Amino acid sequence: MARQDRLWRDERAIEGLPIRLVIALVVGVASLAVMMNTIQGLGALGVSELDVQPSPDVVEPGTQEVNVTVVDSGGDAVANATVVAKSGSARLSGVTTAETGADGTATLTIDPQLGPNRVEGTVELDVKPPSDSYADRRGNTDILVVS
């Protein structure tokens, strides 16, 4: 009985309790933050990366039409995406845009020109996705311009 009485009378035992509660609270909040980041990251897993398939993908300098099909990571055509053609190492007089139809294809009229002493260059293609379920973060297929 003497041991139990000493335990109940020892006022130092309560001294460690507040710091333990603070540590438990900090660990709990940190764990909650990690879980919330994981849950938010799961939504990004449903995002499909877009790419383009230009036809033809090799052209000569001068005005011409190019059909560009926008596809998702599964190879399916994507409607209502905006395709943007801009100068790469081949020059365009400006930026050209077109929106894909139901078949996922957009027709762009481009007029690429090569610089002096250049025998080839590229026209860059970007995609503005139609919704948040798509993304265009990686580089797309370029159009090769060869004289």
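**View 1. Asp72 and the residues around it.** Leaving aside residues up to four places away in sequence, Asp72 touches Ser48, Glu49, Leu50, Val78 and Tyr134. This is a predicted model, and our tour starts in the loop between strand 4 and strand 5 (82–87), where Asp72 lies. Is Asp72 buried or exposed? Asp72 is buried, yet has no salt bridge. The nearest side chain of opposite charge belongs to Arg138, 10 Å away.

**View 2. What the side chain of Asp72 reaches.** Let us stay with this residue for a moment. Which backbone nitrogens does the side chain of Asp72 reach? One belongs to Gly74, at 3.0 Å. Another is the backbone nitrogen of Asp76, at 2.9 Å.

**View 3. An open sheet of 3 strands.** The strands here come in the order 2-4-7, and their pairing is antiparallel. Strand 2 (51–55) and strand 7 (105–110) are the edge strands, each pairing on one side only. From one strand to the next, the twist averages 30°. As background for this view, strands of a sheet pair through backbone hydrogen bonds, either parallel or antiparallel.

**View 4. Strand 2 beside strand 4.** Here we look at one pairing within the open sheet. How many bridges join strand 2 to strand 4? There are 5 bridges between strand 2 and strand 4 (residues 64–71), and the two strands run antiparallel. To find your way along this pair, begin at Asp51, whose bridge partner in strand 4 is Val71. Then look for Gln53, which has Thr69 in strand 4 as its bridge partner.

**View 5. Strand 4 beside strand 7.** Strand 4 also pairs with strand 7, through 6 bridges, and these strands run antiparallel. A handy landmark is Gln64, whose bridge partner in strand 7 is Ile110.

**View 6. Strand 5 and its pairings.** Now we move on to strand 5. It is joined to strand 6 (residues 96–99) by 4 bridges, in an antiparallel arrangement. Within this pairing, Val84 stands opposite Thr97 in strand 6. Strand 5 is joined to strand 8 (residues 120–128) as well, by 6 bridges, and again the two run antiparallel. Which residue of strand 8 is the bridge partner of Ser87? That residue is Val123.

**View 7. Leu92 in the loop between strand 5 and strand 6.** This loop is where Leu92 is found. Why does Leu92 count as buried? Its relative accessibility is 13%, and buried means under 20%, so Leu92 falls into that group. Leaving aside residues up to four places away in sequence, Leu92 touches Ala85, Lys86, Ser87, Ile110, Asp111, Pro112 and Val123. Val123 is worth a second look: Leu92 and Val123 are 31 residues apart in sequence, while their C-alpha atoms are 7.8 Å apart in space.

**View 8. Stepping back to the protein as a whole.** To place the close-ups, it helps to know that the protein has 2 helices and 10 strands. Along the sequence, they follow the pattern α-α-β-β-β-β-β-β-β-β-β-β. Of the 147 residues, 25% are buried, and both Asp72 and Leu92 are buried residues. Among contacts between residues at least 6 apart in sequence, 59% join residues at least 24 apart. The contact of Leu92 with Val123 is an example of such a pair, as these two are 31 residues apart in sequence.

Note on methods
Residues numbered from 1 in each chain as written. Predicted model: local features only at pLDDT ≥ 70, side-chain atom pairs only at ≥ 80, totals over all residues. Heavy atoms only, no water. Pairing = 2+ DSSP bridges. Axes fitted to C-alpha atoms, helices over the stretch in contact; angles between N-to-C directions. Buried < 20%, exposed > 50% of the residue type's maximum accessible area, 1.4 Å probe, protein only. Lys, Arg positive; Asp, Glu negative; His and termini not counted. Salt bridge = Lys/Arg side-chain N within 4 Å of Asp/Glu carboxyl O. Polar contact = N/O pair within 3.5 Å; in protein donor to acceptor, adjacent residues only side chain to side chain. Contact = heavy atoms within 4.5 Å.
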